[in-house]
Amino acid sequence: MARSTGDSEQVRYCARFNYLCLKFTLITYSTVFWLLGGFVLAVGIYAEVERQKYKTLESAFLAPAILLILLGIIMFLVSFVGVLASLRDNLYLLQAFMYILGICLLIELIGGVMALMFRNQTIDFVNENIRRGIVNYYDDLDFKNIMDFVQKEFKCCGGEDFKDWSENQYHDCSAPGPLACGVPYSCCVTNKTAVINTMCGYKTMNEERLSVQHVIYVRGCTSAVLIWFLDNYAIMAGILLGILLPQFLGVLLSLLYITRVEDIIAEHKLNETLLDGGRRKADIEFTSAGCCMCYPE
């Protein structure tokens, strides 16, 4: 009997240790992403405040600052629910946290699959939005900085090709001024000389690709970025895992913790039922004895 009691105590200890491990892990997980969400939100708000100081025209694109704010709000609120749920052991909040993470993960997976299935439509959509951004290139600092960075890093020009820059009123061949029929300096092939020629893209859009390929990048940025993704599939796989794996772990941790909390609640209710049954039995025996229980046998 003593051995049986010891085994029972050991099982209870192991179960409690498992519960504490899951609780601590889920609290740590939620707190880390809660703080990270707060940081992203703060950066987004700061970037948007700075952007408003210099913005002269509404962007055709969603500004990166707006994307950071939205991402920060989602991360902050969802992670806060996770922190509160794991601290309070609230089943409804835990289930809400798990379902929200699961839905976000599912949306990302479906979006990725749809983008691959409709690859041509996705590329056309991106090219169209790049052309819309090119129209406001000099009035939208966000788009200008992003476009210049992409063109320099990926050695490309425009969306579909370098002729997309004709969409800009200053670079159109019929426009007055020195920028007419040219492309921005970020499209130029890296200058090896000490003197930088910022007008290297001058009068290049009315030329054939082969005649200007040594002066500017003639390949479109959409194709350049896509080729880079295909050439660096290991890096892309790592980035995707870094985005999707934490969410999957959050769903798994929440599911395990919910199961453990439900087991503890069921065990607690069972113990209460047994204790109440014992009390009722004692009360019945005490009542049936009546006044006779005072007499000696």
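**Helix packing and aromatic pairs in an all-helical model**

The crossing of α2 and α3 is left-handed. In this predicted model, helix α2 covers residues 64-88 and helix α3 covers residues 91-117, and the two pack with their axes 8 Å apart at an angle of about 145°. On the α2 side, the residues that take part are Val78, Ser79, Val81, Gly82, Leu84, Ala85 and Ser86. What they meet in α3 is a set made up of Leu93, Leu94, Phe97, Ile100 and Leu101. Sorted by type, the residues of this contact come out as nine nonpolar and three polar, with no charged ones.

Stepping back to the whole chain, the protein has eight helices and zero strands. Its pattern along the sequence is simply α-α-α-α-α-α-α-α. There are 297 residues in the protein, and 28% of them count as buried. The accessible surface adds up to about 19,600 Å², with carbon and sulfur atoms holding 68% of it. As for how the chain folds back on itself, take the contacts between residues at least 6 apart in sequence: 68% of these join residues at least 24 apart.

Aromatic side chains give some concrete cases of such links. The count for the protein comes to nine aromatic pairs. One of them is formed by Tyr138 and Tyr170, whose ring centres lie 5.6 Å apart; their planes stand at 85°, so the pair is edge-to-face. Tyr138 sits in the loop between α4 (119-135) and α5 (141-153), while Tyr170 sits in the loop between α5 and α6 (209-212), so this pair ties together parts that are 32 residues apart in sequence. Neither ring belongs to a buried residue: Tyr138 counts as partly exposed at 31% relative accessibility, and Tyr170 likewise counts as partly exposed, at 37%. The two tyrosines also have company, as Tyr137, Tyr138, Trp165 and Tyr170 form one aromatic cluster.

A second pair brings together Phe154 and Trp228. Here the ring centres are 6.0 Å apart and the planes are at 90°, so Phe154 and Trp228 are edge-to-face too. This pair links distant parts of the chain, 74 residues apart, with Phe154 in the loop between α5 and α6 and Trp228 in helix α7 (residues 221-231). Trp228 counts as partly exposed, with a relative accessibility of 32%.

The loop between α5 and α6 also holds a couple of backbone oddities. Most residues other than glycine have a negative phi. Lys155, however, has a positive phi of about 55° although it is not a glycine, and Lys155 lies in the loop between α5 and α6. Cys181, found in the loop between α5 and α6 as well, is another non-glycine residue with a positive phi, in this case of about 60°. Where the two part ways is in their surroundings. Cys181 has a relative accessible area of 3%, which is under the 20% cut-off, so Cys181 is buried. Lys155 has a relative accessible area of 44% and is therefore partly exposed, since that class lies between the 20% and 50% limits.

Note on methods: Residues numbered from 1 in each chain as written. Predicted model: local features only at pLDDT ≥ 70, side-chain atom pairs only at ≥ 80, totals over all residues. Heavy atoms only, no water. Helix = DSSP H or I, 4+ residues; strand = E, 2+ residues; numbered from the N terminus. Buried < 20%, exposed > 50% of the residue type's maximum accessible area, 1.4 Å probe, protein only. Contact = heavy atoms within 4.5 Å. Areas by Shrake-Rupley, 256 points an atom, 1.4 Å probe, with all protein chains shown as cover. Axes fitted to C-alpha atoms, helices over the stretch in contact; angles between N-to-C directions. Left-handed = near helix turned anticlockwise from the far one by under 90°. Nonpolar A, V, L, I, M, F, W, Y, C, P; charged D, E, K, R; others polar. Phe/Tyr/Trp six-rings, centres within 6.5 Å; stacked < 30°, edge-to-face > 60°.
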